[in-house]
Amino acid sequence: MKVASDSFGGRLKFNVGDVVCWTNIGKKMTGVVSGLKDTLVGGRKVVFANIYCFETRRNCDVITLNLKMLSKSDCNQPEN
């Protein structure tokens, strides 16, 4: 089966500043994306998001396939 993307997980769907959620062993976690990085895992490029988690108040790396968007960042919008 031919895959159109060369990476596992999407880089285009998320941006720095997006608020996302995911589950970690049945526990719902929320946080803000602080960076995206490609890592070679098992011979394939995998996209991870570096996230500041609100529950643990720590940075963690989560594969982008596990993330769900809660709020899109509006970095280009002027503030009042």
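Here are three short exercises, with worked solutions, on the predicted model shown above.

**Exercise 1. Find out which elements of the chain have the lowest and the highest mean pLDDT.**

Solution. Start with the chain as a whole: its mean pLDDT is 84, and 76% of its residues reach 70 or more. Next, go through the elements. Strand β1 (residues 7-8) has the lowest mean, 63. Strand β5 (residues 58-63) has the highest, 94.

**Exercise 2. Work out how β3 pairs with β2 and with β4.**

Solution. Take β2 first: it runs antiparallel to β3, and six bridges join the two strands. One pair to look up is Val20 and its bridge partner in β3, Gly31. Two residues lie between these strands in their hairpin, where Ile25 takes a positive phi near 55 degrees.

Now move on to β4. It is also antiparallel to β3, this time with ten bridges. Here you can spot Val32 opposite Tyr52 of β4. This hairpin has two residues between its strands, and Gly42 in the turn shows a positive phi of about 60 degrees.

**Exercise 3. List the residues of the largest nonpolar core, then look at what Ile51 touches.**

Solution. The core has ten residues: Phe14, Val20, Trp22, Met29, Val33, Ala49, Ile51, Cys53, Val62 and Leu67. Sort them by strand, and β2 (19-24), β3 (27-41) and β4 (44-53) each turn out to give at least two. The largest share, three residues, belongs to β4.

Finally, pick Ile51 and set aside its neighbours within four places in sequence. Its contacts include Val20, Trp22, Val33, Val62 and Leu67, along with Gly31 and Arg58.

Terms used: Residues numbered from 1 in each chain as written. Predicted model: local features only at pLDDT ≥ 70, side-chain atom pairs only at ≥ 80, totals over all residues. Heavy atoms only, no water. Core = buried A, V, L, I, M, F, W, Y, C linked by side-chain atoms within 4.5 Å. Buried < 20%, exposed > 50% of the residue type's maximum accessible area, 1.4 Å probe, protein only. Helix = DSSP H or I, 4+ residues; strand = E, 2+ residues; numbered from the N terminus. Contact = heavy atoms within 4.5 Å. pLDDT = per-residue confidence, 0-100. Pairing = 2+ DSSP bridges.
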